[in-house]
Structures are given as structure tokens and as C-alpha cells.
Amino acid sequence: MATTTSAPSVNITTVLHENRVFPPPKSFAKAAWIKSMAEYKKLYHESIRQPEKFWARQAKEELVWFKPWKSVLQWKLPQAKWFAGGQLNVCYNCLDRHLNTPTANKAALIWEGEPAGPGTPGEERTYTYKQLHREVCLFANVLKRNGVQKGDRVIIYLPMTPEAAMAMLACARIGAVHSVVFGGFSAQSVADRIFDSQAKVVITADGGFRRGSVVPLKKSVDDALALKDAAGNLLAKTIEKVIVLRRSNHEIHIQEGRDVWWHREVQNVEADCPAEKLESETPLFILYTSGSTGKPKGILHTTAGYLLQAKLTTKYVFDLRPEDVYWCTADVGWVTGHSYVVYGPLANGATSLMYEGAPNYPEPDRFWRIVAKYGVTILYTAPTAIRAFMKWGPQWPDKHDLSSLRLLGTVGEPINPEAWMWYREVIGHKRCPIVDTWWQTETGGIMITPLPGATPTKPGTATLPFFGVVPEVVDDQGHPVPKNSGGKLVLRRPWPGMLRGIWGDPARFVQTYWSEVPGCYFTGDGCRQDKDGYYWIVGRIDDVLNVAGHRIGTAEVESALVSHPNVAEAAVVGRSDDLKGQALVAFVTLKTGILASPGIREELRLHVAREIGPVAKPDDIRFAEMLPKTRSGKIMRRLLKQIAGGGEIKGDTTTLEDFSVLARLAAAEE
Ligand code: WTA
């Protein structure tokens with residue numbers, strides 16, 4: 001059965017902005033990789049008319065192969081094989097290939113740790129390509145020494161330190177499949193991911209830093225390894241070793257025989273570790289992401305196609321030049337951190353900056369201090385961060401010299417035109433083009449985006465498709481809708497970086513992505529194309545919410561809530577939020593005899609944080625005597641959304657809301 005979604009209507013506020021056009025600055029048009037719309041169109045048309053020719057040329061020019069491929073694309077919906085017969089290694093393409101070039105001694109990673117207090121710099125480290133290569137080879141040998149073999153799954157649960165990138169690259173080097181778990185997720189989430197991926201090893205740290213406090217990562221891993229399912233079986237029984245990075249010097253429990261220290265292990269291995277020759281479709285990583293039903297699904301990406309997508313989009317969308325200092329502020333726990341902190345920039349021989357802490361710790365000028373300190377030229381961040389900076393005021397960026405910036409990017413959620421304009425004026429000083437990039441965990445890389453030397457931009461739209469991408473806006477029957485009408489966004493053609501499946505669940509893969517509109521990949525997003533053909537993404541139209549740029553499935557939060565002994569039923573919906581884009585509103589009915597109170601509300605929020613992670617904590621919890629349901633017993637989410645959108649909870653928070661009348665009325669309308 002396909003997901004139940006319906007096409008959205010046009011968002012009037014964005015229509016007002018479609019006539020504000022900002023052409024690419026002249027300086028870009030001169031030096032950019034793609035210098036004009038004519039050049040973009042020529043390449044785009046080639047990528048659509050002769051995709052195999054186009055992608056073969058890109059794969060040959062951009063990647064280093066151990067063995068050439070036999071066919072560019074074998075496509076039998078929904079399964080794509082890109083560059084079958086070829087052999088390569090992602091880590092080799094990110095590191096080794098630069099070693100006999102002038103890039104060898106260039107900074108590959110610049111890392112800034114969380115600072116200790118106001119005005120103080122954070123701890124800092126820089127690795128050249130040569131140094132990073134050595135560290136990765138050493139750690140790849142540590143993995144081998146601890147029993148990791150080609151094809152094994154490895155969980156990476158680390159703070160934003162260079163070791164997170166090293167661990168990913170080390171897995172890629174030996175053909176192990178990494179699954180990075182965001183450090184803000186709970187022990188339960190770690191256990192669920194270990195269980196689903198049947199991972200053998202966890203890489204973690206004694207702790208990470210966040211806003212001056214220590215995040216006890218190793219403690220969460222210990223808890224995860226002790227968690228059991230309903231039948232009493234350990235969820236993480238496949239784990240043989242835990243490799244622990246010393247970061248916070250926080251006291252932790254070490255279990256002899258299972259837990260080993262990163263810094264001790266590297267002393268026992270050689271620095272020589274040849275990169276494995278891997279088939280193009282060898283799994284590279286699994287990244288769990290929320291969907292409209294059930295637990296998060298393990299999105300699978302493979303070697304050649306993913307790398308090509310990451311490399312090519314980084315080069316063209318950010319118009320990378322050798323002298324750039326490129327900073328993508330995403331955490332490696334999300335797909336943006338995979339493609340645009342690690343794989344894309346390193347494959348291009350760029351300098352990639354990593355920052356461990358929060359944007360406002362110790363003060364709200366943290367980002368701008370870093371931009372000025374390192375001379376950042378390209379900044380890629382999320383609309384939710386931009387809206388927070390707007391709220392904190394221009395005095396914070398104004399304190400710093402931002403003249404090194406030449407390009408600004410955004411990702412993760414629709415950007416409201418006001419935030420776009422603020423970014424352009426206050427951060428970019430009207431000098432820097434903005435690339436609003438639309439894509440998903442599933443797409444592996446950027447899909448809809450301006451190219452900064454070519455595409456005129458408008459505030460609030462991701463503009464036009466990248467090479468090889470054929471988006472379409474369709475109605476509920478799957479027919480294309482006219483320009484300026486709202487609809488569902490689908491992608492008509494396979495692309496190299498596309499997901500290859502959901503780990504261990506081929507049926508869910510077909511049902512989620514390939515059943516809604518026959519013959520197409522369904523994105524789950526609503527969209528409108530304007531008169532110039534630009535795509536305006538409206539946001540999710542399934543039961544997935546985008547809270548501060550993080551994907552959260554309402555079903556997941558509901559099941560976390562009902563797992564609390566006092567909860568009878570729960571329904572979670574989104575309401576719009578000025579800062580976070582969307583906020584989570586939970587409607588809860590308590591078990592008989594349990595009284596609603598501020599205490600239980602807080603307890604339920606903490607319970608969700610324990611079950612999933614603090615990112616999924618409901619913003620509002622509203623208690624109701626019963627939830628409005630249809631005659632067939634389905635919760636009427638549409639009604640709840642309207643109620644949730646009606647404002648914050650007012651007055652006495654312990655009053656039960658009575659939806660019975662509303663529900664009866666709505667059911668009668670059906
Ligand atoms: C949303 C993040 C509007 C969208 C890379 C998508 C966006 C979901 C944009 C994927 C954008 C991402 N404009 N919406 N530029 N970028 N989205 O998997 O709803 O964490 O489906 O990947 O974020 O989120 P994910």
C-alpha cells in the first residue's frame with residue numbers, strides 16, 4: 001500500500017518572491033566551473049538525452065578506478081547498478097589520489113573543538129592530506145586487528161572530531177560498511193541500529209562536548225549493549241568490540257576483552273594498509289532516517305555512484321577552487337555531514353572545516369569568529385541556524401571580518417524568503433551568491449540547486465535540477481500538474497547517488513519510494529514550479545516532520561510515547577514554528593486513573609528523549625480525554641493539525657481537552 005499523502009496547495013507567500021531575481025555576481029561568471037545558463041543548459045540536456053555518455057565521461061574524469069566498468073547503468077526499477085564491473089575505493093579517491101600531487105601537504109581537515117569559555121579559542125587541529133592518510137591507514141589496521149572484515153557493519157557514535165571522519169574513511173578503505181549514529185541519539189536508538197544492521201563493532205568516545213557539558217557517549221553505548229527486546233533477548237548481541245576515543249577524559253567503564261582504547265590500539269599497528277579494490281556496487285554506508293511509519297529505516301548507499309554524486313555536486317554547486325576554505329556546519333551524524341563534510345570535499349582535494357560545538361556557545365558569534373579566524377570562503381548551513389542568527393541580531397556577525405566569504409549555501413528545509421534575504425545581506429554583504437540546495441538522505445547528494453556562476457536565484461527556491469535529475473510535480477493520480485499548481489515532487493530518472501535500498505527490507509523500499517507514483521521515485525515532498533520552471537519545495541507531505549532541519553517521523557514519537565506506562569494513546573502532528581520551521585505537538589490520552597499534570601508532561605518529554613534523543617522531544621504535549629477518530633477508528637490528524645496550529649497551550653495545562661464534539665462533526669462530514 002502506498003503512503004497516504006495528498007498534493008499540497010500553492011503557498012501564497014512564496015509567490016510574492018518569485019519576481020525578485022538575483023543574477024550571479026560578475027566575478028563568478030568569469031571564473032566559475034559553469035559560467036552561464038547556456039553552459040548549464042547544454043550540459044543538463046546532454047545529461048538527460050545521453051545519460052550514459054554524460055556519466056561515463058564524468059566517472060572517467062572525476063574518479064580513479066582500479067578497473068574500468070563494463071556498463072554505465074543497468075536499470076530495472078527499483079534497482080540500479082551504476083558502473084557495474086568496475087573496481088575502485090572511496091578512501092583511495094579521497095586521500096591516496098592526492099598524495100603525489102601538490103595537494104598532499106594542503107590541509108584536508110581543519111578542526112575546531114568546542115571552546116572553554118567566552119573569547120577563548122577552541123582546541124584546534126589540522127591534518128594535511130598526507131597526515132590524514134597516515135591516520136586513516138593506522139585506524140583501518142586497528143579495525144582489522146579487532147576483527148572487522150569486508151562487508152561487516154561498524155557503528156560510529158562519535159562527537160564532531162576528526163576521528164569521526166577517520167573512522168568513516170577507514171571503513172571505506174577496507175570495505176566495511178559504516179553506520180554513523182548522531183551523538184544526540186539515545187542508547188535505545190543505538191541499540192535499535194545495532195540490531196537492525198547486525199553490526200560487529202562500535203566506535204565511540206568517552207564523551208563529547210556540547211555547550212560546556214559532557215555528552216556521555218560511552219555510557220550510552222554501555223546502556224545500549226545491555227538493552228533487551230520484549231522477549232528478553234539482547235538487542236546488540238552481535239557487538240564484539242567497542243573502540244573508545246579519549247576525548248573528554250571523563251571517567252568511564254571499560255569492559256576487559258570487549259572495550260579497547262583508540263590511542264592504545266594505534267600503537268600496535270603498522271601505517272601500511274592498501275585500499276581494497278571494491279566492486280562499484282559494494283555497500284559504503286547505511287544511514288538511518290525517519291520515515292512515515294515504524295522505526296527509522298537504514299538507507300543504503302554504495303561505492304561508485306554515491307562518490308561520483310558527492311564529488312561532482314561539491315565541485316559544481318560550491319564552485320570549489322583549490323584555495324577555498326570550505327565549511328559545512330552539519331554533523332557527520334546526518335547525510336549532509338557524510339557527503340559535504342567528508343566525502344565530497346576530500347574527493348575534490350578541498351580543505352574541509354569541522355566544528356564540534358553549538359553555534360551560540362559560549363556566545364552567539366561562534367560561527368563568525370570561526371569564519372574570520374580561518375578565512376572561510378564557502379559556508380553551508382541550515383535555515384534553522386540562519387533564523388536563530390537573525391533572532392540573536394546582526395551585532396554578532398558585525399563584530400567580525402567576514403570578507404573572506406564568497407559563497408553561501410543552505411540545506412535541510414525550505415528557507416523562508418526573509419531568512420534568505422538576511423543571509424544575503426548581513427552575512428554575504430550582498431556580494432555572495434546563495435545556493436539553496438534540495439536533496440535527501442536517500443538521494444546521496446544535491447538534486448535541485450542553483451549553480452552559482454550561472455543560475456539567477458530567487459529567495460526561497462532551490463531553483464533548477466542538477467545534471468541528470470528529472471524532477472516533476474504531479475497530482476494525486478501521478479499526472480504532471482501545470483506550472484504554479486501544487487503537487488507531489490517525484491524524480492523520473494535514476495541517478496548515480498540514489499539509495500540502493502532499505503537495509504534488510506526490500507518490500508519497504510518498494511512501498512515507500514516506488515509505489516506512490518508508478519515509474520517514479522517519490523520524494524515525500526510537496527512542490528510547485530513557477531513560471532520560470534523553478535522548483536519551490538513546500539516541505540514534507542507525509543507523516544515526517546522537519547524540526548530544525550532534522551527529520552522526525554511522527555509514528556516514531558508516538559510509539560515512544562505509548563511505551564510509557566501511563567500513556568494510553570498518542571498522536572503527534574506538526575505546527576509551524578518561527579525558529580525551527582516545524583515544532584512537534586503531541587496529543588496524549590493517559591491511562592485511567594492517571595491525572596494530567598505539569599510533572600507528567602515533563603516526564604513524557606524526558607521519556608521521548610530517552611527513547612529516541614533530545615531532538616525528538618515534543619514541544620507541546622496536550623492531554624485529551626479521547627482523540628478524534630473516524631468511524632473506522634483512524635486518528636483524524638488533519639483535525640489535530642488544525643488544532644495544533646491554533647496556538648500554544650494556554651491557561652491551566654492540566655485541563656483535559658475534549659475533542660469528542662469536533663470528532664463527531666468531522667466524522668459526519670466524511
Ligand atoms: C527537506 C537533508 C526545502 C525536504 C539533506 C527533504 C529541503 C528533507 C531542502 C530531507 C531545501 C532538504 N529546501 N526542503 N533546500 N533540503 N529539505 O534526509 O523535506 O535529512 O525531503 O536530508 O529535508 O531531509 P534529510
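**Domains, ligand and odd backbone spots**

Mentor: Between domain 1 and domain 2 about 1,500 Å² is buried, and carbon and sulfur atoms give 49% of that area. Buried area is the accessible area (1.4 Å probe) that two parts lose on being put together, summed over both. This is a predicted model, where local features need pLDDT of at least 70, side-chain atom pairs count only at pLDDT 80 or more, and totals for chains, interfaces and linings use all residues. Residues are numbered from 1 along each chain as its sequence is written, and side-chain values use heavy atoms, with hydrogens and water left out.

Trainee: Which residues make up domain 1 and domain 2?

Mentor: Domain 1 is 12–114 + 122–467 + 477–525, and domain 2 is 548–669. Such bounds come from an automatic or database domain assignment.

Trainee: How many residues does the contact take from each?

Mentor: Domain 1 gives 24 residues and domain 2 gives 19 residues, where contact means heavy atoms within 4.5 Å. The C-alpha centres of the two domains are 32 Å apart.

Trainee: New topic, the ligand. Which residues come nearest?

Mentor: Asp436, Thr437, Thr441, Asp525 and Arg551, out of 17 residues around the ligand. A residue counts as near if one of its heavy atoms lies within 4 Å.

Trainee: What does the side chain of Thr441 do there?

Mentor: An N or O atom of the Thr441 side chain is 2.5 Å from an oxygen atom of the ligand. That is a polar contact, meaning a pair of N or O atoms within 3.5 Å. Asn546 has a polar side-chain atom 3.4 Å from a ligand oxygen atom. With Pro414, a backbone N or O atom lies 3.3 Å from a ligand nitrogen atom.

Trainee: How much of the ligand does the protein bury?

Mentor: The protein buries 96% of the 530 Å² that the ligand exposes when taken alone. Accessible areas come from the Shrake-Rupley method with a 1.4 Å probe.

Trainee: Last thing, where are the cis peptide bonds with Pro78 and Pro362?

Mentor: One joins Leu77 and Pro78, with omega about 5 degrees. Pro78 sits in the loop between strand 1 (71–76) and strand 2 (79–84). Another runs from Tyr361 to Pro362, with omega near 0 degrees. Helices (H or I, at least four residues) and strands (E, at least two) are DSSP runs, numbered from the N terminus.

Key:
A polar contact is a pair of N or O atoms within 3.5 Å; within protein, one must be able to donate a hydrogen and the other to accept it, and residues adjacent in sequence count only if both atoms are side-chain atoms.
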